[in-house]
Amino acid sequence: MARARWDHFEHMADVGVRGYGATPEEAFAQAALALTAVITSVDEVAPRERLEIELENSGDLELLLVDFLNAVIYEMAVRGMLFGKVEVHLAKDHLKASLWGERVDRAKHRPAVEVKGATYTQLKVAQEGELWVAQCVVDV
Amino acid sequence: MDIKKLERVDETVWRIPPKGKMRAPVLIFADEELIREMDDKVAEQASNVTTLPGIVGACYVMPDAHWGYGFPIGGVAAFDAEEGGVISAGGVGFDISCGVRTLRTGLTREEVEEAAEPLANALYASVPVGLGSRSKISLSDKEMEAMLEGGAEWAVAQGYGKKTDLERIEEHGRRRGAMPSEVSAYARERQRREMGTLGSGNHYLEVQVVDEIYDPKAAESFGLKQGEVVITIHCGSRGLGHQIGTEYLKKMQQAAKEHGIELPDRELACAPLKSKVGQSYLGAMRAAINCALANRQIITHWVRQVFAELFPKAELDLIYDVSHNTCKEETHVIEGKKRRLFVHRKGATRAFGPGHPEIPQAFRSIGQPVIIGGSMGTASYILVGTEQSEALSLSSACHGAGRAMSRNQALKAWTGQEIVEQLRRRGVIVRSPSLRGVAEEAPQAYKNVDKVVRAADQAKIAKLVARLRPILCIKG
């Protein structure tokens, strides 16, 4: 049974975020948690508020991943929030995501760094064996 | 980098001759040690840049270059709009007009060290740093528009700083040709509460001591005196620039396709300068340059307020403000002919030599100050543009140290607390909202900036003037 999880991969100047899951949806959601983990410990983020994101899906899953992560980065920036729980639903022509999180609390979250944007560097969305992998480098 | 792949022109210049789809050569400025340490990806990315239409001269690579997004960081490339030349969002970067400015204080090291702790606390309280900090300023739609048009000139008119500051900023503090209409509502929203914020990552506010002078004449004309204290601010266009970078990286993928430009790498997404997307980006990017200039101007004002409180006799005069993530329209002499070019400098500083009309009158005969930011706790440097920099590198030089270690590697190697204590023992006070951030940004995670500036000096793309050692660092 495939298990959803995330990790970071090495990039000299920045950080690579990577999500794994049984479906592209799970892998996308995990990649968003990997994004949170660039900033703070995911476990420290309480699911106090819920937010919906909706994006157009042109059919290219890789470009969609970058759009999705950039939409999450945007919401983090303008709302001053961090997200600790993410669900993604993919349809033929759109992506819907629910994000649960809370406002940045500097004493609690001790944010290490701010993410500027998701990039096309080492961008990959692919099925590897039983697992879907969704990854790219984010600029910090 | 594999040295065998390069032609050695002289001690500090290396060349990759054009082959395949390359339209121009790559020229790398570095000594042998830096070349060997440099990532192979730098050569690959610089070679890719030379395949873009309308490139003029070469892709110039600075001694601090490392692997970037499409363009290497530390890469310079100029394009001629009349020859189908392009503009690339990746060639500027996410943090548009990220840059450094240095102010002199006229105070001695001893004077400042007596009050170092209260100074650190006051600066940390006055300048918002790091994620989750909010500016005291919130811009209305009208103010946003005026800021994007006016840059530091707007900030000064709002009471942030002095009119005389403007002559010490590239383009006199205001990039003309900005088109706020091309800046999206998203980018504006991201910036609304971020004016005067420092950001995070490698951005900082440092109090430094001039601890060595290499060129007394240039140092004197810049107002640098051994043993005196200066302040350096390193930051950029904040959320606005990041959002513009993000949006145009995407738009340019499409534009490149539509204009039949073959991209060796998705990150090299670009559009012809004469296309709709090209012009739109140019207008938005210039607005972001103004945002960065206004941002550094506002921070300067808050720093001055802190100093006025603690050191009433200090006069904080701006030495110079340089940006190192830009694309600028400039006149350059190529094979004896003057040409208007759009010069991308991604992690590279403009370095005009003596006599250039863009340089402030006070040191026009000396050359443009080139400010090289170090990492937290290591030295920063002031260099000056040379007679040779125009012919060598289209008047461009390096911008900083560049990372030698990833963030994860740094986190495994030491803790933030260890770094804070190490720096304290070396006489550097650190203030940061995040110990993890301090660990990730530790001086040991960066390349040796001393080697980088020595190579730049040896290659004559810029000449060493002075070394600055930090005594206090505010880190996002």
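Tutor: Helices (H or I, at least four residues) and strands (E, at least two) are DSSP runs, numbered from the N terminus. The model is predicted: local features need pLDDT of at least 70 and side-chain atom pairs count only at pLDDT 80 or more, while totals for chains, interfaces and linings use all residues. Residues are numbered from 1 along each chain as its sequence is written, and chains are lettered from A and ligands numbered from 1 in the order in which they are written.

Student: Which elements of chain A does helix α2 lie across, and at what angle to β3(A)?

Tutor: Helix α2 (residues 61-79) lies across β3, β4 and β5 of chain A and runs at about 140 degrees to β3(A). Such angles run from 0 to 180 degrees between N-to-C directions, and the axes are lines fitted to C-alpha atoms, for helices over the stretch in contact. Two residues are in contact if their C-beta atoms, placed from the backbone, lie within 7 Å.

Student: How do you know that β3(A) and β5(A) pair?

Tutor: Two strands pair if DSSP finds at least two bridges between them. Eight bridges join β3(A) to strand β5 (residues 94-103) of chain A, so the criterion is met. One bridge partner of A:E56 lies in β5(A), namely A:H94. The open sheet has three strands in the order β3-β5-β4 (chain A), with antiparallel pairing.

Student: What makes β3 (49-56) and β4 (81-90) of chain A edge strands?

Tutor: Each of them pairs on one side only. From one strand to the next, the twist averages 25 degrees.

Student: Why is chain A called as compact as a globular protein of that length?

Tutor: The radius of gyration is taken over C-alpha atoms, and the globule rule is 2.2 Å times the number of residues to the power 0.38. For 140 residues the rule gives 14 Å, and the radius of gyration of chain A is 14 Å, close to that value, so the description applies. Chain A contains three helices and eight strands. Residues 24 or more positions apart account for 63% of its contacts with a separation of 6 or more.

Student: Why is B:L394 called buried, and why is A:Q122 called partly exposed?

Tutor: A residue is buried if 20 or more other C-beta atoms lie within 10 Å of its own, exposed if 12 or fewer, and partly exposed in between; C-beta atoms are placed from the backbone. B:L394 has 25 such atoms, so it is buried. A:Q122 has 13, so it is partly exposed. In chain A, 51% of the 140 residues count as buried.

Student: What is noted about the phi of A:Q122?

Tutor: Most residues other than glycine have a negative phi. Phi of A:Q122, however, is positive, near 50 degrees; this residue lies in the loop between β6 (117-118) and β7 (124-128) of chain A. B:L394 also has a positive phi, of about 50 degrees, and lies in the loop between α11 (389-393) and β17 (396-397) of chain B.

Student: How is the packing of helix α4 and helix α10 of chain B described?

Tutor: Two packed helices are described by the angle between their axes and the distance between the axes. For α4 (residues 116-126) and α10 (residues 276-310) of chain B, the angle is about 145 degrees and the axes are 10 Å apart. Among the residues that make the contact are B:L119 of α4(B) and B:W302 of α10(B).

Student: How many residues does each chain give to the contact between chain A and chain B?

Tutor: Chain B gives 32 residues and chain A gives 26 residues.
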